[in-house]
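Here is a walk through one fold, taken sheet by sheet and then helix by helix. Have the structure open as you read.

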Amino acid sequence: MAERRGSVERKTGETSIRLQFGIDGEGDGVIQTNVPFMSHMLDLFKKHGHFSLDVQAEGDVEVDDHHTTEDIGICLGEAFGQALGDKKGIRRYGQAKIPMDDALAEVIVDLSNRPHLEFRAELPAAKVGTFDTELVHEFLWKFAVEARMNLHVVVHYGHNTHHIIEAVFKAMARALDEATQLDPRVKGVPSTKGML
């Protein structure tokens, strides 16, 4: 089986990003960004999805964290798509419901080649530390578009914003781990259309 990996470099007037992603990892890799909260979330994502993920990202955080967070989402989506390749033999669908203390988040994915984000979550605080929590939606939207997947995020409840976002990233990791697994019963691409 070919190694399922992707690599992206993106350099703009606002950000500089190098990212390597592997589906069949061990939760390993080094995350270095100048957005500390996003570094924390990416670390959780790789660990709980059993992915390999290396990220080196710098951006114009003197403005705010928007450009860096958005561009990491773009790069992760591109690398994820590369790693999936032709999608032959994958389960395609995945879902996970994850608690984090007071919070309960559910993520359902379809690696359908049809990008869409449904984000049903209320984040009580506008900031976690210095991080603008509206950027969670921005990151997920760009990730879903570039990975060309249906991504549905539902937060059932929670009052601590950090816990809510952490539950979302962990649930997304687990759902994507399930969806990317190779199933010996799947012959070719898992679609009656014959392609995704």
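What follows covers the two sheets, the helices that pack on them, and the contacts between helices. Keep in mind that this is a predicted model.

**The sheet that starts at strand 1**

Let's begin at the N-terminal end. Four strands make an open sheet here, in the order 1-2-4-3 and with mixed pairing. Strand 1 (5–11) and strand 3 (31–33) sit at the edges, each pairing on one side only. Going from neighbour to neighbour, the strands are turned by 5° on average, direction ignored.

How is strand 1 joined to strand 2? A hairpin does the job, through three residues. The two strands pair antiparallel over seven bridges, and S7 stands opposite Q20 of strand 2. Strand 2 (residues 15–22) also pairs with strand 4 (residues 52–59), again in the antiparallel sense, this time over eight bridges. Two spots are handy for getting the register: T15 has G59 of strand 4 as its bridge partner, and L19 stands opposite V55 in strand 4.

Two helices cover this sheet. Helix 1 (residues 36–49) lies across strand 2, strand 3 and strand 4, and runs at about 160° to strand 3. Helix 2 packs on the sheet too, touching strand 1, strand 2, strand 3 and strand 4, with its direction at about 30° to that of strand 2.

**The sheet that starts at strand 5**

Further along the chain comes another open sheet of four strands, with the order 5-6-10-7 and mixed pairing. Its edge strands are strand 5 (93–100) and strand 7 (116–120), each of which pairs on one side only. The twist from one strand to the next averages 10°.

Here is how the strand pairs of this sheet line up.

| Strand pair | Sense | Bridges |
|---|---|---|
| Strand 5 and strand 6 | antiparallel | eight bridges |
| Strand 6 and strand 10 | antiparallel | seven bridges |
| Strand 7 and strand 10 | parallel | five bridges |

For the register between strand 5 and strand 6 (residues 103–110), look at A96, whose bridge partner in strand 6 is V107. Then find L151 in strand 10: it is the bridge partner of V109 and also the bridge partner of L117.

This sheet has its own helices. Helix 3 (residues 135–147) packs on it, touching strand 7 and strand 10 (150–157), and its direction makes about 155° with that of strand 7. Helix 4 (residues 161–180) lies across strand 5, strand 6 and strand 10, at about 150° to strand 5.

**Helix 2 against helix 3**

Now for the helix pairs. Helix 2 (residues 66–84) packs on the sheet of strands 1 to 4, while helix 3 packs on the sheet with strand 7 and strand 10. How do these two helices meet? Their axes come within 7 Å and cross at roughly 25°. Angles under 35 degrees count as roughly parallel, so helix 2 is roughly parallel to helix 3. The crossing is right-handed.

On the helix 2 side, the contact includes I72, I74, L76 and F80, and on the helix 3 side it includes L135, F139 and F143. Sorted by class, the contact has eight nonpolar, four polar and five charged residues.

Among the residues of this contact are E70 of helix 2 and K142 of helix 3. They form a salt bridge, with the closest N and O atoms 2.3 Å apart. The pair links distant parts of the chain, as K142 and E70 are 72 residues apart. The structure holds 12 salt bridges in total.

**Helix 1 against helix 4**

The other helix pair also brings the two sheets' helices together: helix 1 lies across strand 2, strand 3 and strand 4, and helix 4 lies across strand 5, strand 6 and strand 10. Helix 1 and helix 4 pack at an angle of about 35°, with their axes 8 Å apart. Which hand does this crossing have? Helix 1 passes helix 4 in a right-handed crossing.

Residues of helix 1 in the contact include F37, M38, M41, L44 and F45, and they meet a set in helix 4 that includes I165, F169, M172 and L176. By class, this contact has 10 nonpolar, four polar and four charged residues.

Conventions. Residues are numbered from 1 along each chain as its sequence is written. This is a predicted model: local features need pLDDT of at least 70, side-chain atom pairs count only at pLDDT 80 or more; totals for chains, interfaces and linings use all residues. Side-chain values use heavy atoms; hydrogens and water are left out. Two strands pair if DSSP finds at least two bridges between them. Axes are lines fitted to C-alpha atoms, for helices over the stretch in contact, and angles run from 0 to 180 degrees between N-to-C directions. Contact means heavy atoms within 4.5 Å. Angles under 35 degrees count as roughly parallel, over 145 as roughly antiparallel, 65 to 115 as roughly perpendicular and the rest as oblique. A crossing is left-handed if the near helix is turned anticlockwise from the far one by less than a right angle, and right-handed if clockwise. Ala, Val, Leu, Ile, Met, Phe, Trp, Tyr, Cys and Pro count as nonpolar, Asp, Glu, Lys and Arg as charged, and the others, Gly among them, as polar. A salt bridge is a side-chain nitrogen of Lys or Arg within 4 Å of a carboxyl oxygen of Asp or Glu.
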